[in-house]
Structures are given as structure tokens and as C-alpha cells.
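Q: I'm new to this structure and would like a close look at one part of it. Could you pick a single side chain, tell me what surrounds it, and then walk me outwards from there?

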Amino acid sequence: MQAAVKPQRRRRRRRRNIRKQAKMSLLSKSLFLSRKTLVSLVRRHSSLTAELINNMDKKATWDRFYAESPRTPSFKNFEWFFGFDSVRGFIMPLLQTASHPDSQLQVLDIGCGTSALGPSIYRHSDLPVCVTCADISPIAVQLMQEHVQVKALPPQNPSSRLQFIEMDCTQLDKHYLPHSLDLIVDKGTTDALLRSKEGQEKAALMLKQCLGVLRRSGSLLQFSDEDPDSRLLWLETLARHQGVMLADVGVQEIGELRGVCYYCYQVAPHPDV
């Protein structure tokens, strides 16, 4: 029993220490990034460090970020937090339960950057899917479009489609009809907004937009390192309207990677609201 308790105590101590450090240093605002990723960012984008810390909600920041990314002969996806394999078990079962006879599943990767998350869903889904990878930066979108043109990404299902588009994810209703998406995945986008000086309102608006365009059987998955005590309260508050819960909110622990504990937050609209 003691052996089981000690790791829990260590995790609680580690989380307390992270919160204390966040108050001591501006740089700690970027602790939502894995340590390895943060070190990589500082080394590769030292001129952008202040922008990344304070203005991750701004289009100009990400345009500069991707424009200044080192160009190499062989393209490499840039992953926030972790890659597809770490969360495959959370994503793929949802596609199975949300399947529609004779129609594609509509999947949106919001704030995709140059991640391989969306393309991996497209490649590994047995069911026909239309995966849209959306980012506010046209430079990131162009990099991904060029990548898939050079390197063919054959889908598991021949009816599946993959597309990359420039889009402000606080304006989903301009691109999608109500209740038209089956799955929305968010790997670090909400975290980037919440840790920006002026991004909190945008994060709240994006969540409400997601709830508006999801099917009643659909789900939003947020991958984050934020402690459930904070994120669950935020999600539940925004999912409530005039005292009525518009969605179910839950969390599962993904696991610890490079000393950071990550979580999968699932928001599912109520079918009868």
C-alpha cells in the first residue's frame, strides 16, 4: 500500500512545484510544453521567446514561428506535447462508435500547425473519414500541403480524404453547419490560448464554437498537461448555460512523458439539448 501511495505523493509534490515556479518566472508560462519541446523552441527561436510566452493567441506570432523554422532537406513534423501514437487509443475508438452508414466521418484538427496528428488519423482509420487540419497560420498550412504533395500518405480506407485549410478556430460557424462534425481534436491549441495575455476569451469562444458544430453524438478531445482541478472546472463552467449542462465533461490520464503528466479531456454534447 505504501509503495502505491508514494508515487501519488510525488506527483502531487511535482504539480505543486510547477505551480510555484509558474508564479516566479515568465518563462514558466510555457510549461504546457514538454521540457524537450521548450528547450528546442528556445534554441531554434530565441528571437521569438517573448512572443511565444505572451502572444500565442496571435496569428503574427505563429506566422513568424513557422517562417523562421529551420528548413531541412527532409521535412519533419513539429509535435507539441507528443505524437499520434501516445493518443491513438483515445481517438480511434471514438471513430468506431461515431460511424455513420455510407458516409464519411467528419474530423477537425484545430490549430494543427505542422503536426502529424490529423494526417495520422487519416492514414490509420479503417472507416472513411474526412480529416480537416486547420490552422490560423497560412505558412503552416502551406508547409503541410507541400509535404503531402511530395510524400504520398495513402489512407487505410480509399474513401478517406485529407485537407489543410487556413482558419480561425474561434469562427467555426463560418465554415461548418451546426451539428456537422463527429470529432474535434485539440492538441495544445486551447493551452496556447489560455496561457496568452489576451487569449482567455478566445479559448472560451473556441470551446463554444466546437459545441455548436459537433453532432450530438460527437466529441471534442483536448490534450493538455493542465491539472484536472483547473481544466475540469473551466470546461464545466463554459458547458453550462442558464443552469443547464450542455455537455458531459470527463478526463483520462494519458501518462507521464519526459517528466510531465498529460491528460485527455473529453467534452461531449448532450443528445437532448
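A: Happy to! Let's start at one spot: the backbone oxygen of Trp80 lies 2.8 Å from a polar atom of the side chain of Lys187. Please keep in mind that this is a predicted model.

The side chain of Lys187 has another partner as well, since a polar contact of 2.9 Å joins the side chains of Lys187 and Glu79. Is Lys187 buried or exposed? Lys187 has a relative accessible area of 6%, and buried means under 20%, so Lys187 counts as buried. Leaving out residues up to four places away in sequence, Lys187 touches Glu79, Trp80, Phe81, Phe82, Ser115, Leu117 and Phe223.

Now let's step back to the element that carries this lysine. Lys187 belongs to strand 4, which covers residues 181-187. Strand 4 is part of an open sheet of 7 strands, whose order is 3-2-1-4-5-9-8 and whose pairing is mixed. Strand 3 (161-166) and strand 8 (247-257) form the edges; each has a single partner strand, so one side of each has no neighbour in the sheet. On average, neighbouring strands in this sheet are turned by 15 degrees against each other, direction ignored.

On one side of strand 4 in that order comes strand 1, followed by strand 2. Strand 1 and strand 2 run parallel and are joined by 6 bridges; Leu105, for example, has Val129 in strand 2 as its bridge partner. How many residues of strand 2 are buried? The count is 7 of its 7 residues. Both faces of strand 2 are covered, with Val129, Val131, Cys133 and Asp135 buried on one side and Cys130, Thr132 and Ala134 buried on the other.

On the other side of strand 4 in the order comes strand 5, and then strand 9. Strand 5 (residues 214-224) pairs with strand 9 (residues 260-269) in the antiparallel sense over 5 bridges, and Leu221 stands opposite Gln266 in strand 9.

Helices pack against these strands too. Helix 9 (residues 200-213) packs on the sheet and touches strand 1, strand 4, strand 5, strand 8 and strand 9. The direction of helix 9 makes about 145 degrees with that of strand 5. Helix 6 (residues 117-124) lies across strand 1 (105-110), strand 2 (129-135), strand 3 and strand 4, and runs at about 175 degrees to strand 2.

If you follow the chain past strand 5, you come to the loop between strand 5 and helix 10 (228-238), where Glu226 is found. Glu226 is another buried charged residue, with a relative accessible area of 18%. Its side chain makes a polar contact of 2.7 Å with the side chain of Arg231. Setting aside neighbours within four places in sequence, Glu226 is in contact with Asp191, Leu194, Arg195, Arg231, Tyr263 and Tyr265. Asp191 is 35 residues away from Glu226 along the chain, yet their C-alpha atoms are separated by 7.9 Å.

To finish, here is the whole protein in brief. There are 10 helices and 9 strands, and 47% of the 273 residues count as buried. Among contacts with a separation of 6 or more, 75% are between residues 24 or more positions apart. The contacts of Lys187 in strand 4 with Glu79 and Trp80 make a good place to begin exploring.

Conventions
Residues numbered from 1 in each chain as written. Predicted model: local features only at pLDDT ≥ 70, side-chain atom pairs only at ≥ 80, totals over all residues. Heavy atoms only, no water. Helix = DSSP H or I, 4+ residues; strand = E, 2+ residues; numbered from the N terminus. Buried < 20%, exposed > 50% of the residue type's maximum accessible area, 1.4 Å probe, protein only. Polar contact = N/O pair within 3.5 Å; in protein donor to acceptor, adjacent residues only side chain to side chain. Contact = heavy atoms within 4.5 Å. Pairing = 2+ DSSP bridges. Axes fitted to C-alpha atoms, helices over the stretch in contact; angles between N-to-C directions.
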